[in-house]
Amino acid sequence: EAAGQAPPLEMLVDELPGYGKSGQYLPMVLAQVPGLKSEFAFAEVVDGALDMLDSRIAAVDSSLKDKKLRLQSKGKTGSLLYVRALAMEPIVPAERSAVAQELESGGVKAA
């Protein structure tokens with residue numbers, strides 16, 4: 001955009017799926033902040049791994065496709081977000097959960 005003016009955030013977010021390789025604004029941002037290039041490369045690798053994991057889980061869970069379609073649809077109150085599958089334990093022990101530890105200690109103290 002004009003000198004000293006940042007592009008609208010929505011436009012930057014819309015360009016994220018291109019990992020800075022395409023679009024009007026992100027390639028310029030990458031030229032100004034070289035460290036972001038490696039971050040976008042890492043994000044692209046992670047997205048690929050999540051896509052592969054998601055397709056493997058979809059092969060086992062036949063309801064995943066319906067869930068994805070339902071969560072990606074837009075309604076009058078907004079849209080829901082489909083998050084690709086992440087492999088993790090079904091139950092996390094309380095001693096490994098920061099939220100559980102915070103609740104147990106009485107919460108965060110005001111500074």
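Helices and strands here are DSSP runs, with H or I over at least four residues for a helix and E over at least two for a strand, numbered from the N terminus. I began with helix 5 and found that Gly-106 follows it, with a positive phi near 95°.

**Ground rules.** I am working from a predicted model, where local features need pLDDT of at least 70, side-chain atom pairs count only at pLDDT 80 or more, and totals for chains, interfaces and linings use all residues. Residues are numbered from 1 along each chain as its sequence is written, and side-chain values use heavy atoms, with hydrogens and water left out.

**Overall layout.** I looked up the secondary structure and got five helices and two strands. Along the sequence the pattern reads α-α-α-α-β-β-α. For burial I used relative accessible area: buried is under 20%, exposed is over 50%, and partly exposed is in between (1.4 Å probe, protein chains only). Of the 111 residues in the chain, 12% are buried. The accessible surface (Shrake-Rupley method, 1.4 Å probe; for residues, only the protein chains shown count as cover) comes to about 9100 Å². Carbon and sulfur atoms account for 62% of that surface. I then took contacts, meaning heavy atoms within 4.5 Å. Among contacts between residues at least 6 apart in sequence, 29% join residues at least 24 apart.

**Helix 5 and the loop before it.** Helix 5 covers residues 98–105, and I count zero buried residues among its eight. Arg-96 sits in the loop between strand 2 (78–79) and helix 5. Arg-96 is exposed, at 54% relative accessible area. Leaving aside residues up to four places away in sequence, Arg-96 touches Glu-89 and Gln-101.

**Salt bridge.** I searched the whole structure for salt bridges (a side-chain nitrogen of Lys or Arg within 4 Å of a carboxyl oxygen of Asp or Glu) and found one. The side chains of Glu-44 and Lys-21 form the bridge, at 2.9 Å from N to O. The pair links distant parts of the chain, 23 residues apart: Glu-44 is in helix 3 (residues 35–60) and Lys-21 is in the loop between helix 1 and helix 2. Glu-44 is partly exposed at 32%, while Lys-21 counts as exposed at 63%.

**Glu-15.** I next checked a charged residue in helix 1, Glu-15. Glu-15 is buried but has no salt bridge. Its nearest side chain of opposite charge (Lys and Arg positive, Asp and Glu negative; His and the chain ends not counted) is Lys-21, 14 Å away. What does the side chain of Glu-15 reach at 2.8 Å? It reaches the backbone nitrogen of Leu-26. A polar atom of the Glu-15 side chain also lies 3.0 Å from the backbone nitrogen of Tyr-25. Not counting residues up to four places away in sequence, Glu-15 touches several residues, including Gly-20, Ser-22, Gly-23 and Pro-27.

**Tyr-19.** Most residues other than glycine have a negative phi. I noted Tyr-19, which is not a glycine, with a positive phi of about 55°. Tyr-19 lies in the loop between helix 1 and helix 2, and at 18% relative accessibility it counts as buried.

**Nonpolar patch.** Last, I looked for patches, built from residues with over 30% relative accessible area and no salt bridge; like charges are joined within 9 Å, and nonpolar side chains (Val, Leu, Ile, Met, Phe, Trp, Tyr) within 5 Å. Leu-9, Val-13 and Leu-16 make a nonpolar surface patch of about 270 Å². Leu-16 is in the loop between helix 1 (9–15) and helix 2 (26–32). Leu-16 is partly exposed, with a relative accessible area of 39%.

Conventions:
A polar contact is a pair of N or O atoms within 3.5 Å; within protein, one must be able to donate a hydrogen and the other to accept it, and residues adjacent in sequence count only if both atoms are side-chain atoms.
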